[in-house]
Amino acid sequence: MPFRYLPFYVALSVIIMVVGALPVAAQEAPYTITGTVIDDALGGPLPGASVQVVGTSLGAATDADGVYRISGRLEPGTYTLRYTFVGYRAAEREVTLSDVETVSVDPVRLQTDLIRGEEIVVTGTGVPTERRQLGNAISTVDAGELEESGASSIDRALQGKVAGAQIQQNSGNPAGGISVRLRGTSTVLGSADPLYIVDGVIISNDAPELIDLGGGAQNRLVDINPNDIERIEIVKGAAAAALYGSRANSGVVQIFTKRGQEGAPRVSFTTRVQTEAVRNTLNVNTAQNEQGQFLDNSGNPLPDGEQRWDWQDFIFDRAYGTEQSLSISGGAADTRYSVSGSHFANQGIVEGNSFRRLNARLRIDQTLTPWASISGSANYTRSTTQDVPNGGLNANYGALTGFIFGPNTFDPRPNELGQYPNEGILANPVEVAERFDFEQATDRFIGSATLNLTPTDNLSIDYVLGIDTHDQRATAFIPRGTSAPGFAGGFARRSTRNQLQVNNDLNVRYTAALTPTLESTTLIGGTLQYEEATTFSAQSQDLSPVSEVVQSGTASREIGEIRSERAIYGVFAQETLGWNDRLFVTGAGRFDASSSFGEGERWQFYPKASLSYILSEHTFWTDAGLAEAIPSFKLRGSIGFSGGLTSIGAFDRFTNFPPQAYIGQPGVQPSSQLGALGVRPERQREIEIGADFSLLQDRIAVEATYYTQRTEDLLLNRSLAPTSGFLSRLQNVGTLTNQGIELLIRGLPISQENLQWTTTLTFSRNRNEVNGLEEDVLIFPESFGLVGAINGEPLGIYYGSAFARDAAGNVLDQNGNILEEDGNGRWRMRDGAPAETGDGVPARADESQIIGDPNPDFVASWTNEVRFRNLDLRMQWDAVVGQDVFNFTRRLAALSAFGTLDDYQRELEGDLPAGYTGSAFGIFEHWVEDGSFLKLREVSAAYTLRLASAPVERVRISLTGRNLLSIDGYSGYDPEINVAGQRTNVRNFDFVEVPIPRTFSLGVTATF
Amino acid sequence: MLPMFASSVLRAPLAALCLLLLVAGCDLNIVNPNEPSEEQVLTTTEGIEALAVGMQEYYATQTLAPVLLTTGTTSREVAVNNTFANLVNLEAGGADLPTNNANILQLWSRNYRVVQMAEDITAATPDLPFDAGTESGLLSLADLFKAMALGNIAQGFEQGPLTTDRENNTTFEPREALFDEAITRLEDALARLNATPPSDAFLATIVAPGIDLRNTLQAYRARYLLFAGRFGDAIAAAEAVDPDATSTFPFDDQSPNPVWDNVFLTPNYAPREDFGSAATDQGDARRDFFLTGDTGGSAVNDLPVRTLAGFFGSASASIPLYMPGEMDLIRAEALVQTGNLADATAALNAVRTQAPDDDPLGVGADLDPYDGPLTADALLEAIHQERRAELFLQGVALEDMRRLGPADPDPTDSFARSRNFYPYPDQERQNNPNTPTDPAI
């Protein structure tokens, strides 16, 4: 029995010792197997297809001509070759090896597989499994879909490509943050972004705000080079992700990087240039009187020769970027390798903002014996940004921030002496962009070592050691004598964050045919995970001349250090039974413990069960004639439990007394959060059911899923009466539910020689609801008190002052007249024109109310890909419908003190009644807008040249456009925005964050 | 239970695997290196000593901000200079002041945080092996800060609890009872210090430099006795304060002056021209002490504002716990109330004619002696005006306006208080069923 190898550590140590000493089996002989793979529809060669000798570790990929060549030592006999490629149906061929060393196999034609049933996935199963066997939905995205996206990071590239995901770019900065929500938000305190795994390494996607850039921050997924990605698998909730235990509440995104294939070295070089520009700007206040004189904010004419300016002209600029990447891969006999390096540099559309990323990566796969192989990967990244603060969630010294506070009645550009006018409310934006120096740099190493053993055909053992460590450094420097209020003496800050994550995973898999029709796959595994992070920061003000370093400051000196450490144990077991290749039942369970929780609540059990039933495999399906209409039909269902680890910090369960010295004496002060030793991890239960089927001779494939998630024991900072001496306490109160449907329809309207048209539609609808709160309204921090949770409502609703309305719901002015919205977000008297004071000036309701909801009704994407001979065309439209956006930018600019946009111009010029903007400023509902949009996310055209005579095998030229067009009724820059960055609950908050630019890029890839 | 099974059965092999593979991260009981837990603080002498230091720091940097600036907005000593809704609403005041106002919540919560720290020290100290002088000092310091916090609550709210309660269930007492409790705490502390003087170690390492414990106890006793209407006792207490002594909260980079922070670093407030009083004498030398720069308009309501100076002009400027001149003004007012107008006038003139150079804190009006009518009402008005300038941003102006100013607030008059008392914060009402109804205005 293989199980005698347990416990694991005995097995592992024995294996490690044995592997090194194993001799190569005696009867093996060298063989080379060659052949070609052809795209059945197009009739041409299929490059990149994978060919594997089943039961061995030998395999290769096809080159640009569709040719593969497998070399290795094998015993003579009959083997099965398996041909696979994402998006194509797998094929198998038998090959007999005897005394001929080189064996040619007839060309193999692979057919397009829209339903992708034979695709092998591992995420959520722990075992390489055909998709058709899964009881849950899984989304896969392959390199081809990422390459033409024109996106600089993986999460941007994934936008619109995953059903059930809402992926939002929060800022238009070149390294601006992204939020990914898989099936809605399932925590309040923690990060609601999924768990990311790269080649078995659990990686960090933290977004620390080491320096205050106004609310946004880069998330660390930006360090991964999209060009290195082979494939991405995404599971979205507990039903699929229970094996990941306490980290799975927000879903799992697993990334696989490219690996070498046996054969001659393949060299690929890509160079790309890109340019970005702001897509539209705001209408600034250019108020003039009838004599054509510009007016100040009091309505008085500006002195002769002075005017109102559009400061956006001085802030935004066309940005340029470039990318070079080189990769070499290949392999001989038992060693395969992939090496790549890349350089990406891009300016931001705000002057002075830029991002640069250097990547180097090595991956080696080594076959040790027919039953043992190891692989290792090492990835180094250096990411640097030149940042310009913007937004206004925290700091108020940003560039666009200065623009919106205005007043725009002076020219902000430096005079001939180089002095920046300091007449504005906040810092002069031109000075911010040109003189402030905010920078971040990250050095990151991600490495893994994997040992794979197959002692018998039935047994396999995998061990993965993964390490992700990075140092992120940020510096902020405001020189002396700038226009930034409060920083006249200058400001310097340096903050660093060092993080280490280590994971050890051991999986043992045993497959057995219990009867001729019943197959069993058993998996047991264990994981040990450890992470530590230290943040250190120092800052000061009133700097010495010229000096940019912290110690030169004499005032407001602050230092801070925070350390965090966490350990997680997990063990799991999973059993899958497959009957006749058509009915698959899986049961699994995971025990998990995290050091973040007290001993009494530490160990948690997360079970799961799933079922997949391929009805179309039955003879009755064909007999009943159903196979004609529906060639393939699978029903699936799954239930699982998982936990939420991130919602509590490493030491949050204690009543802590942070140190606070007073004039040189050491002191402590109680935290305002009362401890709660007995808190439990949040627990999610998810049920999903769905069907995958194809129609019209497999011309259309449909994946439809309904899911219902319920997160119980929701961890919240329950407020306490201040007379308790504390303000809050962690408590397991409340529930959060997400219910929704996901739909993916993939069609092949045209498939003929030299012309193929694929169209893909994804649709996701999620309904989120909070319950069990003890307070009437739970207001979230860093939202200006305007975002909260209310029982029975979705998370993150906007809550604040509303319009006064009559019984019929009509908006009223201060004299009780009915107002109507004029299509531009301004309210006008329905009957007549303003005559008396207060006419046409909206009135405020007495009570605060729900005034908006940032959660969309649905998100959808439509992608079309056309391949005509050597030309590939691609177009992707993304739609987000029914979300509200809080246009705080416009609200602020409307107030007379600032008066920078055209709302106040209209009041100055008399189009709006006097007092309109002042009153509207106090009615938050006035500034909540419908943020529905339809965006032309990606358009690309790529042409592949094959030059038979040149040394270059293939040249591919691609022209890509990204975020070209947005069809929306939103009055700000772009409804896809969030000044609160990746914060879980404060969403769609528009407060002078940098808008997402329109991007064009031109790339050339040469493959040798 | 499955988790218990897992815990016992799986733990050993997992721990062994852990040790094999990885040195760090094998222990699920990770010690917090950042800060001590409550248990570690309240059961050790060094923990209590550190808490006593931290309590003073918290009061000085956190509690003082709403005590001086939130009530100072309602009493018109400062104008709001930022567009945040909580500040705009606070300045507007009136009957519609939202009950979720963040500044009012700060005034409420930051005082009860101090009460809780003081209670922790009071409860833990007797059981720990302190020497007698240090124990006496710690208990007296705790009494002082609890008294100041309760006194602040009584000046902003009609009612408030006398103690904290972690079960969210503490009961409310009228503000008079809060003043009485504060006075009792101060008198207990004075008696204790007389019986057992504080140790040198306590004075050197625990009490913040600049704070004069005994004179502060006596001065606050005088202040609250006046507010409580116990005029004879107030006179005696005021006279017991050494007129040459000062008691100030020190500040530095790590613990910056909270008023400076809210006026200069973040421009939330600006000081009103002439201390927000239309009757301020233009020759009053205190104008130049507290106010500098040109007169401008505040950001929201365009009220005339200046640049703040005096005790608030830099991050490290010290803020007095009380003004020496306040003792004369307490005596003057209590003497008027007890019918001794002549001595009252003399006490008032002691402040009016004070030369800045002769004052231990450098604050002097340098005005002529009082020459108005010698009637109780006229004198009280003059004393009110004098308190307005002498006690500028001392956190007592709202109490003074209620006691000595017009009977009713007037939110529309930028020289009149915009509220009498604040509503109880929503966070209290939502969690504590004993929260009383809000005052109308």
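Before we start, one definition: two strands count as paired if DSSP finds at least two bridges between them. Thanks for coming, everyone; what you have in front of you is a predicted model.

Let's begin near the start of chain A, with strand β5(A), residues 77–84. On one hand, β5(A) is joined to β6(A), residues 91–97, by 7 bridges, and the two run antiparallel. To find that pairing on your screen, look for Leu81(A), which stands opposite Arg93(A) in β6(A). These two strands form a hairpin with 6 residues between them, and there Gly87(A) takes a positive phi near 90 degrees.

β5(A) also pairs with β2(A), residues 50–53, again in the antiparallel sense, over 4 bridges. Here Val51(A) is the residue opposite Tyr83(A).

Now let's move further along chain A. There is an open sheet of 3 strands, in the order β48-β47-β51, and its pairing is mixed. Which strands sit at the edges? Those are β48, 928–930, and β51, 989–990, each pairing on one side only. Between β47(A), residues 884–887, and β51(A) there are 2 bridges, and these strands run parallel. Phe886(A) faces a partner in β51(A), Phe989(A).

Last topic: where the chains meet. The contact takes 60 residues from chain A and 71 from chain B. On the chain A side, the elements supplying at least two residues each include helix α1 (8–21) and strand β25 (491–515). The largest share, 9 residues, comes from β27(A). By class, that side of chain A has 35 nonpolar, 19 polar and 6 charged residues.

That's my tour; happy to take questions!

Conventions
Residues are numbered from 1 along each chain as its sequence is written. Chains are lettered from A and ligands numbered from 1 in the order in which they are written. This is a predicted model: local features need pLDDT of at least 70, side-chain atom pairs count only at pLDDT 80 or more; totals for chains, interfaces and linings use all residues. Two residues are in contact if their C-beta atoms, placed from the backbone, lie within 7 Å. Ala, Val, Leu, Ile, Met, Phe, Trp, Tyr, Cys and Pro count as nonpolar, Asp, Glu, Lys and Arg as charged, and the others, Gly among them, as polar.
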